[in-house]
Amino acid sequence: MAKAPREFAPDGEVIQRAIATKLQSHYQQLSQTINAPPPNLELKNIQVKKLDSFFLQALPVYHLQGTYDVVLNFPSQRTENRRRNPFEVYLQRQPEGKTWRSLEKNPQGWRSQQLP
């Protein structure tokens, strides 16, 4: 399988948006389950430990793994710090090179979501 060029890999801001999107979705679902407002998230110290790449439908996909710290600010004024959380994201650069999609592998193939 051909590797996508590293110089086109996502920058820190794109990686942060991908992690934040996943976390926000997780906490939104959890909040609905327990009927409580979700916390505000503050991501810090994102460290990419591994970067692989490949092409999917002729577009580059970057598979990143690493760790991050997060501060959870709950509406009740409580704050929690969680350090060295693992992450794994698949990010695909779109044809015009300005936007990214987050990919998730599932039994039918890949599911994608536009990053905000």
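**Exercise 1. Find what the buried face of the helix packs against.**

The buried residues of α1 pack against strands of the sheet; state which strands they are.

*Solution.* Work on the predicted model shown above.
- Step 1. List the buried residues of α1: Val14, Ile15, Ala18, Ile19, Ala20, Thr21, Leu23, Tyr27 and Ser31.
- Step 2. Look at the spacing. An α-helix has 3.6 residues a turn, so residues three or four places apart point the same way.
- Step 3. Read off the partners. These buried residues pack against β1, β2, β3, β4 and β5.
- Step 4. Add the orientation. The direction of α1 makes about 115 degrees with that of β1.

**Exercise 2. Describe the helix from end to end.**

Give the length of α1, then say what lies at each end.

*Solution.*
- Step 1. Helix α1 covers residues 12–34. That stretch has 23 residues.
- Step 2. Check the span. From first C-alpha to last, α1 reaches 33 Å, close to the 33 Å expected at 1.5 Å a residue.
- Step 3. Inspect the N-terminal end. Aspartate 11 caps it, with a side-chain oxygen 3.2 Å from the backbone nitrogen of glutamate 13.
- Step 4. Inspect what follows. Asparagine 35 comes after α1, and its phi is positive, near 55 degrees.

**Exercise 3. Lay out the sheet.**

Give the strand order and pairing, and explain why β1 and β5 each have one side without a neighbour in the sheet.

*Solution.*
- Step 1. Place the elements along the chain. They run α-β-β-β-β-β from the N terminus.
- Step 2. Order the strands. The open sheet reads β1-β2-β3-β4-β5, with antiparallel pairing.
- Step 3. Go to the edges. β1 (40–56) and β5 (109–114) each have a single partner strand, so one side of each has no neighbour in the sheet.
- Step 4. Note the twist. Neighbouring strands are turned by 35 degrees against each other on average, direction ignored.
- Step 5. Take one pair. Strand β2 (residues 59–73) and strand β3 (residues 79–93) pair over 12 bridges. Leucine 64 has valine 89 in β3 as its bridge partner.

**Exercise 4. Place serine 53.**

Decide whether serine 53 is buried or exposed, then find its contacts.

*Solution.*
- Step 1. Locate serine 53: it sits in strand β1.
- Step 2. Apply the cut-off. Buried means under 20% relative accessible area. Serine 53 has 11%, so it is buried.
- Step 3. List the residues it touches. Leaving out residues up to four places away in sequence, serine 53 touches Ala2, Lys3, Ala4, Val61 and Tyr62.
- Step 4. Find the polar partner. A polar side-chain atom of serine 53 lies 2.9 Å from the backbone nitrogen of alanine 4.

Notes. Residues numbered from 1 in each chain as written. Predicted model: local features only at pLDDT ≥ 70, side-chain atom pairs only at ≥ 80, totals over all residues. Heavy atoms only, no water. Pairing = 2+ DSSP bridges. Helix = DSSP H or I, 4+ residues; strand = E, 2+ residues; numbered from the N terminus. Axes fitted to C-alpha atoms, helices over the stretch in contact; angles between N-to-C directions. Contact = heavy atoms within 4.5 Å. Expected span 1.5 Å × (residues − 1). Buried < 20%, exposed > 50% of the residue type's maximum accessible area, 1.4 Å probe, protein only. Polar contact = N/O pair within 3.5 Å; in protein donor to acceptor, adjacent residues only side chain to side chain.
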